[in-house]
Amino acid sequence: MVEMSISVDPADSRPPYEQVKQQIEQLIRSGELAQGTRLPTVRQVAGDVGLAVNTVARAYKELEADRLVETRGRNGTFVLAARSQVDDEETRAAATVFARAARRAGLSVAEATRVLHDAW
């Protein structure tokens, strides 16, 4: 199990569960939480951050719905995706949306590639 530095800003417009979720997601995307890493228990994070257990549980459930973590019953919650898998899936999804839009606009592959290159 790894120690995570998570904080919640009461002045933030986002709900606390969303703040926790986004911070853990960022740790996964940055590679600080590697695939297979066991996360602290919901109770531990709730106590560390000063939140209700249900608030942290919601963050964990949303991370699980996004296929970033997996809960294995009493064994705990583990990082499911490697950083590159998360980024690759997101990039593929964005590329699919872009390709469809380019086709609808009547662009050739060369023209779409130029648009992508210009945006880079």
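In which helix is Leu63 found? Leu63 is found in helix α3, where a helix is a DSSP run of H or I with at least four residues, a strand is a run of E with at least two, and both are numbered from the N terminus. The structure is a predicted model, in which local features need pLDDT of at least 70 and side-chain atom pairs count only at pLDDT 80 or more, while totals for chains, interfaces and linings use all residues. Residues are numbered from 1 along each chain as its sequence is written, and side-chain values use heavy atoms, with hydrogens and water left out.

Leu63 is a useful place to begin. With a relative accessibility of 0%, Leu63 counts as buried, because buried means under 20% relative accessible area, exposed means over 50%, and partly exposed covers what lies in between, with a 1.4 Å probe and protein chains only. Once its neighbours within four places in sequence are set aside, Leu63 is in contact with Lys21, Ile24, Glu25, Leu68 and Val69, where contact means heavy atoms within 4.5 Å. Arg14 stands 49 residues from Leu63 along the chain, and the C-alpha atoms of the two are separated by 16 Å.

One of these partners, Glu25, belongs to helix α1, which covers residues 16-30. Glu25 also counts as buried, at 15% relative accessibility, and apart from residues up to four places away in sequence Glu25 touches Leu63 and Leu68.

Moving on along the chain, we reach Arg67, which is found in the loop between α3 and β1, the latter covering residues 69-71. Arg67 is exposed, with a relative accessibility of 53%, and has a positive phi of about 65° although it is not a glycine. Most residues other than glycine have a negative phi.

The next stop is Thr77, in strand β2, which covers residues 77-79. Thr77 is buried, at a relative accessible area of 8%, and, not counting residues up to four places away in sequence, it touches Thr37, Arg38, Leu39, Tyr60, Val69, Glu70 and Thr71. With Thr71 there is also a polar contact of 3.1 Å between the two side chains; such a contact is a pair of N or O atoms within 3.5 Å, and within protein one atom must be able to donate a hydrogen and the other to accept it, while residues adjacent in sequence count only if both atoms are side-chain atoms.

Thr71 and Thr77 appear again at the largest pocket, since both are among the residues nearest its centre, together with Val42, Gly73 and Gly76, in a lining of 13 residues. Helix α3, residues 53-65, gives the most to this lining, with 4 residues. On a 1 Å grid over the protein atoms alone, a pocket is an open set of points with protein on both sides within 12 Å along at least five of seven lines, whereas a cavity is a set where a 1.4 Å probe fits but cannot get out, and lining residues have an atom within 4 Å of a point.

The aromatic rings offer another view. The charged end of Arg58 sits over the ring of Tyr17, 3.8 Å from its centre, and Arg72 lies over the face of Phe78, at 4.2 Å from the ring centre; here NZ of Lys or CZ of Arg must be within 6 Å of the ring centre and within 35 degrees of the ring normal.

Finally, Ala94 lies in helix α4, residues 83-104, and is partly exposed, with a relative accessible area of 48%. Ala94 and Ala105 are 11 residues apart along the chain, and their C-alpha atoms are separated by 16 Å.
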